[in-house]
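Dear colleague,

I am passing on the structure we spoke about, together with some notes on what turned up when it was examined. Please have the model open beside the text as you read.

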Amino acid sequence: MDVTAEGERLAADLGGWLDDLTFVDLDTDEVTARVIDSVVRWAKAQGWRVYRRAPSVLPLPPPLEQRHSVLDVACARPDGPPVVVEVDHTDRARTVQKLRAEGDAGRIPIWVRWGVGRFTAPPPPVRMVTCEVTRRAGPTGRGRLHSRTGDRPAPAHSTGGGTAAAQALPIPLTDPEPTA
């Protein structure tokens, strides 16, 4: 199996899955949770075992070097190397470092970046999947709110497919004649 091609295929597949993700007026933590939930559903739809907040191979920086960093999603696959996914709304060097270490350990690393754009591609073997959102100022104390409504066309509506038989109305259409 060509791991590079497999990583690109999986990133494209996840990107297609996330294209259907929509939400309105969520804060940063809510968007991150919604994206992680969607990644988990994607991985489960593949038939993989899925782990949230799985330990990474990368230790934490001092003074916590005895502990390991965690991954947002890790997937065990029966037919290939594990897939690990990090979800961020900022360009974090620590995330790239973590995902590169995962790639060096034989896993397929995917970085899901969400935000208003200006995404910088990470170095190989990390694959990036982007999820663009819009943002606006929220009410006082809530911070920025993010939305992703998609540019999908309206669904086709039924046109009836033919003509319907006229139905008699149960109410009179004219005033009744006065009775004497």
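**What was found**

Lys44 belongs to helix H2, which covers residues 28–45. Please keep in mind throughout that this is a predicted model. With a relative accessible area of 55%, Lys44 counts as exposed, because the cut-off for that class is over 50%. Its C-alpha atom lies 8.8 Å from that of Cys75, although Lys44 and Cys75 are 31 residues apart in sequence.

Leu18 in helix H1 (residues 3–18) is another residue to look at, and with a relative accessible area of 1% Leu18 is buried. Once the neighbours within four places in sequence are left aside, Leu18 is in contact with Ser38, Val112, Val129 and Arg148. The chain also brings Leu18 and Cys131 to a C-alpha separation of 7.1 Å, with their positions 113 residues apart along the chain.

Arg148, one of those contacts of Leu18, leads on to strand E8, where Arg148 is the bridge partner of Phe23. Strand E1 (residues 23–26) and E8 run antiparallel and are joined by 2 bridges. E8 also pairs with strand E7 (residues 134–137), again in the antiparallel sense, over 4 bridges, and here His146 in E8 is the bridge partner of Arg135. The hairpin of E7 and E8 has 6 residues between the strands, and within the hairpin Gly141 takes a positive phi near 90°. E8 is mostly covered, with 4 of its 5 residues buried.

Arg135 and His146 appear again in the lining of the largest pocket, which also includes Thr28, His89, Arg113, Trp114, Arg118 and Arg144. The volume of this pocket is about 160 Å³. Which element gives the most to the lining of the largest pocket? That is strand E5, with 3 residues. The lining of the largest pocket divides into 3 nonpolar, 5 polar and 4 charged residues.

Arg118, a member of that lining, sits in the loop between E5 and E6 and has a phi near 60°, a positive value in a residue other than glycine. At 70% relative accessibility, Arg118 counts as exposed. The loop between E5 and strand E6 (127–132) also holds Pro125, and the peptide bond that joins Pro124 and Pro125 is cis, with omega about 10°.

A positive phi is found in strand E1 as well, where Asp25 is placed: the value for Asp25 is about 55°, although Asp25 is not a glycine. Asp25 is partly exposed, at 24% relative accessibility.

One last residue is Arg77, in the loop between strand E3 (68–76) and strand E4 (83–88). Is Arg77 buried or exposed? Its relative accessible area is 9%, and Arg77 is therefore buried, since that class takes in values under 20%. The side chain of Arg77 is joined to the side chain of Glu6 by a polar contact of 2.8 Å.

With best wishes

Note on methods:
Residues are numbered from 1 along each chain as its sequence is written. This is a predicted model: local features need pLDDT of at least 70, side-chain atom pairs count only at pLDDT 80 or more; totals for chains, interfaces and linings use all residues. Side-chain values use heavy atoms; hydrogens and water are left out. On a 1 Å grid over the protein atoms alone, a cavity is a set of points where a 1.4 Å probe fits but cannot get out, and a pocket is an open set with protein on both sides within 12 Å along at least five of seven lines; lining residues have an atom within 4 Å of a point. Grid points are joined across faces, edges and corners, and a volume is the space filled by probe spheres set on the points. Ala, Val, Leu, Ile, Met, Phe, Trp, Tyr, Cys and Pro count as nonpolar, Asp, Glu, Lys and Arg as charged, and the others, Gly among them, as polar. Buried means under 20% relative accessible area, exposed over 50%, partly exposed in between (1.4 Å probe, protein chains only). A polar contact is a pair of N or O atoms within 3.5 Å; within protein, one must be able to donate a hydrogen and the other to accept it, and residues adjacent in sequence count only if both atoms are side-chain atoms. Contact means heavy atoms within 4.5 Å. Two strands pair if DSSP finds at least two bridges between them.
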